[in-house]
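Colleague: I'm new to this structure and would love a close look at one helix. Could you walk me through one and what surrounds it?

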Amino acid sequence: MSDLLAAFGPTDTALGVNELTRRTGIPKATVSRLVKEMEDVGFFERRGVKVGLGLRLFELGERASRRRSVREVALPFLADLREATRQTVHLAILDGTEVVYVEILRGREAPWLPSGVGGRLPAHATGVGKALLAGSSGDVLAAVIATGLPRVGPRSLTTPGPLLRQLKRISASGIAYEHEESAPGVACVASAIRVDDGPPVAAVSASGWIGKVDIRRVGPAVHTTALSIARALSSESQ
């Protein structure tokens, strides 16, 4: 099983059985059997005819850490943000070209969103994803652009130019905005969590109905929450 996990490179989000066979040298029939077993326990998750790394691996990695997990540290800050904004609050990490939602606190007045704990969305089409991409390496951005930037919501960014321009602004301000890029009628503001000037470890966001929430007024609260979580994580590592 370890050979199959090691077959995934830094920018690989999904691989087929044939490619796993080629990279590992394991017989195809054995690869097929192992892939099924790893799907059953959550190490892999099905993506069409291919498989990607599953959330179970993230959970085990978090447990193996000597520090508290990002989710544990962030949870009280997320609760305060939901209370202050009355919107749905997300905590997400970047996995390849997608974001994985590790915590969601739903606001009573907030809209239904196409996200769930453990769920994934293309990073370019979400507020948390853009916040994370703005602090990511050129290789990650190239992998995202290579996906073709599929449309998720009515106003998803589907060409590289507008996305890269937004990421430049996000990098300067620390705040990412999304308007109907992941779902109709939904606005979102997000900010990345960076510990000691390192790359983003996660991102936090608040989402609500367009017309019912002034997302730009919510932005500073989201950014402050991200900074507070980052300070808490930094103190955990000392």
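Modeller: Happy to! Let's take helix H2, residues 17-24, in this predicted model. Its buried residues are Val17, Leu20, Thr21 and Thr24. Viewed along the axis of H2, these buried residues fall within an arc of 100 degrees, so they line one face of the helix. The spacing has a simple background: an α-helix has 3.6 residues a turn, so residues three or four places apart point the same way. Now turn to the face of H2 that points away from the buried side: there you will find the exposed residues Asn18 and Arg22.

What lies over the buried residues? The cover of H2 includes helix H1 (2-6), helix H3 (28-40) and strand S2 (50-53). At the end of the helix, glycine 25 follows H2, and its phi is positive, near 75 degrees.

Just before H2, the loop that joins H1 to H2 is worth a stop as well, as phenylalanine 8 lies there. Phenylalanine 8 pairs with phenylalanine 44 in a tilted arrangement, with 5.6 Å from centre to centre and 50 degrees between the planes. Since phenylalanine 44 belongs to strand S1 (residues 44-47), the pair ties together parts that are 36 residues apart in sequence. Both phenylalanine 8 and phenylalanine 44 are buried, and theirs is the 1 aromatic pair that the structure holds.

Definitions and conventions: Residues are numbered from 1 along each chain as its sequence is written. This is a predicted model: local features need pLDDT of at least 70, side-chain atom pairs count only at pLDDT 80 or more; totals for chains, interfaces and linings use all residues. Side-chain values use heavy atoms; hydrogens and water are left out. Buried means under 20% relative accessible area, exposed over 50%, partly exposed in between (1.4 Å probe, protein chains only). Helices (H or I, at least four residues) and strands (E, at least two) are DSSP runs, numbered from the N terminus. The arc is that of the directions from the helix axis to the C-beta atoms. Contact means heavy atoms within 4.5 Å. Rings of Phe, Tyr and Trp (its six-membered ring) pair if their centres lie within 6.5 Å; planes under 30 degrees apart count as stacked, over 60 as edge-to-face and the rest as tilted.
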